[in-house]
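Work through the exercises below with the sequence and the structure at hand. Each task is followed by a solution in steps.

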Amino acid sequence: MLILLLRLFVLVPQEANSTFRILMNESTRRLKLSSKKLGSCIEKARPYYESLEKAKVAQLECQAATLKYQRANEIHAAAKETVALAEQRFMSNSHEWQFDNAWQEMLNHATIKVMDAEKQKAESGAEHQKKAKVFEEAEKK
């Protein structure tokens, strides 16, 4: 059977389709034979394995949401630190510096970045909570 699969990749399309149909029929025949041999245990076990597959998918989605939340949290923390350092530097050198437009523009940009990061953090946090709940339900089932 493995040889047939290997040949499947090098044959012309019409021959490949023919070989595929032969393999599909053979596999279907073997599955039916195994099904008859095992009896009804396949149908009894199917819900468990379907639930297990859903739980695995939910876990992967939850992990992806966790990573997204962590990234958003790190970006938010970095943006807050940038604003705090800028304010601290300004306050320590306020007697030397003039509060000019460039400085104000930089501070506004940093503040906007903090607000955007906070929004992204909240959205990804809510998404993570939703995915975690779906995963928890799938695990229970």
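**Exercise 1.** In this predicted model, decide whether Glu 127 is buried, partly exposed or exposed, then find its salt-bridge partner.

*Solution.*
- Step 1. The relative accessible area of Glu 127 is 28%. Buried would require under 20% and exposed over 50%, so Glu 127 is partly exposed.
- Step 2. Glu 127 pairs with Lys 68 in a salt bridge, and their closest N and O atoms are 3.4 Å apart.
- Step 3. Lys 68 belongs to helix H3 (residues 41-92) and Glu 127 to helix H4 (residues 101-140), so the pair ties together parts 59 residues apart in sequence.
- Step 4. Lys 68 is partly exposed too, at 35% relative accessible area.

**Exercise 2.** Describe the salt bridge between Glu 136 and Lys 140.

*Solution.*
- Step 1. The closest N and O atoms of Glu 136 and Lys 140 are 3.6 Å apart. The cut-off is 4 Å, so the pair qualifies.
- Step 2. Both residues lie in helix H4, 4 residues apart, or about one turn of the helix.
- Step 3. Glu 136 has a relative accessible area of 45% and is partly exposed, whereas Lys 140, with 61%, is exposed.

**Exercise 3.** Which residue forms a salt bridge with Glu 26 at 3.0 Å, and which network includes Glu 26?

*Solution.*
- Step 1. The partner is Arg 30, with the closest N and O atoms 3.0 Å apart.
- Step 2. Glu 26 and Arg 30 are both in helix H2 (residues 13-38), 4 residues apart.
- Step 3. Glu 26 is partly exposed at 24%, and Arg 30 is partly exposed at 44%.
- Step 4. A network of salt bridges links Glu 26, Arg 29 and Arg 30.

Note on methods
Residues numbered from 1 in each chain as written. Predicted model: local features only at pLDDT ≥ 70, side-chain atom pairs only at ≥ 80, totals over all residues. Heavy atoms only, no water. Salt bridge = Lys/Arg side-chain N within 4 Å of Asp/Glu carboxyl O. Helix = DSSP H or I, 4+ residues; strand = E, 2+ residues; numbered from the N terminus. Buried < 20%, exposed > 50% of the residue type's maximum accessible area, 1.4 Å probe, protein only.
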